[in-house]
Amino acid sequence: MIINWLVRTLILLAFLTGSAWGQGAPAALVRVATAEMKNLAPVTLVPGTVISRGDARLAAEVEGQLIEIAEVGDAFVQGEMVARIDDTRLNLLRQELTAESVRAEARVRFLDNEVKRFERLAQSDLASLTQLEGARADLDVALGDVAVAKARLAQNEDALARTRILAPFDGIVVERIRTPGERVAEGDDVVRLVDQDHLEVVARAPLDYYRFTRPGQSIEVRGAGLNTLARVRTVVPVGDEDTHQFEIRLDVDPGVFPVGQTLRVSIPNDQQREVLTVPRDALVLRPDGQAIFVIDGTNMAQRVEVTTGVGAGDDIEVLGEVSPGDRVVIRGNERLQAGQEVTIIEG
């Protein structure tokens, strides 16, 4: 009895399910976009690398013992101290030079008074012109000594300032080349600082494509599972004699890719042409082929098989029974069925 009851129940459920499906699947929630005609160009993928426009190895500018240095990962703004060299010897030298400057100025004051005294005596014929000229010459020499002392003191002040290695731009310490306690000579690298906010992509492409790339263009770059657009900052109009390639530099937004990331750059290899495009998210890949879903006037989803052509950014060319202005599903199309009613979500 129990078995018969279960069989009848299963038959009834199957009948009800079949009846419900025959009446049409429930309305699916979808977002849509519009198929548009756009100017796109065929592209060739070439390798590129993310670099920083500010990547510097900061070097010691004076000799001495390194007594302080930033840690790897520390962030600095322009003008902040990254490392410091012992300044004891230079401070002692400053005291000596300051004393020499004071002594030279004192001699100038004495000789200035001597010149004035000989001038008064000469007017009364109590001093010869030779004595007066000798006093004036001694004063000129003393003035020169003051200038030399002040110059040496200024050089010392400059050297003292250079014991502090400052960040030339905003950046992050990525390498400590030296450690505290080491003695460095003038010109020795101490630390590497990299600007994380001003990045660019360096790519090289065949010279045959040079005429299709211009500054200001937006070009797609791909890497680390991300696709984004980068603006061409400059195109170097000189080809490499060995590889027959030219260089392109593109600006990228900070925080998208790290410095050193390898990318694939979509370089135009022909002139732009007007094509029918849809967002890439409209494409549905299934075992029976590639298609998009077009929403008709009764809010029903119609499956349209397409082939794809050139792409740029989020847009891709489609060939099939699609017309400009058609509404295509870009969200909610994963499980959508042909002929299924949809409810369009705005935004």
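**Strand β19, its partners, and the largest pocket**

Let me begin with strand β19, which covers residues 289–295 and is mostly covered, since five of its seven residues are buried. Before going further, I should say that what we are looking at is a predicted model, and that the values I quote are computed from it.

Which strands pair with β19? On one side of the discussion is strand β18, residues 284–286, which pairs with β19 in the antiparallel sense over three bridges. If you want a residue to look for in that pairing, V284 stands opposite A291 in β19. The two strands β18 and β19 form a hairpin, and two residues lie between them.

Moving along the chain, β19 also pairs with β20 in the antiparallel sense, this time over five bridges, and here you can find I292 standing opposite V304 in β20. These two strands form a hairpin as well, with five residues between the strands, and within that hairpin N299 takes a positive phi near 60 degrees.

There is also a pairing with strand β22, residues 327–331, which runs antiparallel to β19 and is joined to it by two bridges. In that pairing, I295 has R327 in β22 as its bridge partner.

Strand β20 brings me to the pocket, as β20, residues 301–312, is among the strands that each supply at least two residues of the lining of the largest pocket, together with β2 (36–40), β13 (218–223) and β16 (262–268). Which of these gives the most to the lining? That is β13, with three residues. The largest pocket has a volume of about 260 Å³, and 15 residues line it, of which L40, A41, S218, Q272 and A312 lie nearest its centre. As for the character of that lining, its residues divide into seven nonpolar, seven polar and one charged.

Let me finish with a single residue elsewhere in the model, T88, whose place is in helix α2, residues 88–123. Is T88 buried, exposed or partly exposed? Its relative accessible area is 43%, and because buried means under 20% and exposed means over 50%, T88 counts as partly exposed. For orientation in the fold, the C-alpha atoms of T88 and L160 are separated by 9.4 Å, while the two residues are 72 residues apart along the chain.

Definitions and conventions: Residues numbered from 1 in each chain as written. Predicted model: local features only at pLDDT ≥ 70, side-chain atom pairs only at ≥ 80, totals over all residues. Heavy atoms only, no water. Helix = DSSP H or I, 4+ residues; strand = E, 2+ residues; numbered from the N terminus. Buried < 20%, exposed > 50% of the residue type's maximum accessible area, 1.4 Å probe, protein only. 1 Å grid on protein atoms, 1.4 Å probe; cavity = no way out; pocket = protein on both sides within 12 Å on 5 of 7 lines; lining within 4 Å. Points joined across faces, edges and corners; volume = space filled by probe spheres on them. Nonpolar A, V, L, I, M, F, W, Y, C, P; charged D, E, K, R; others polar. Pairing = 2+ DSSP bridges.
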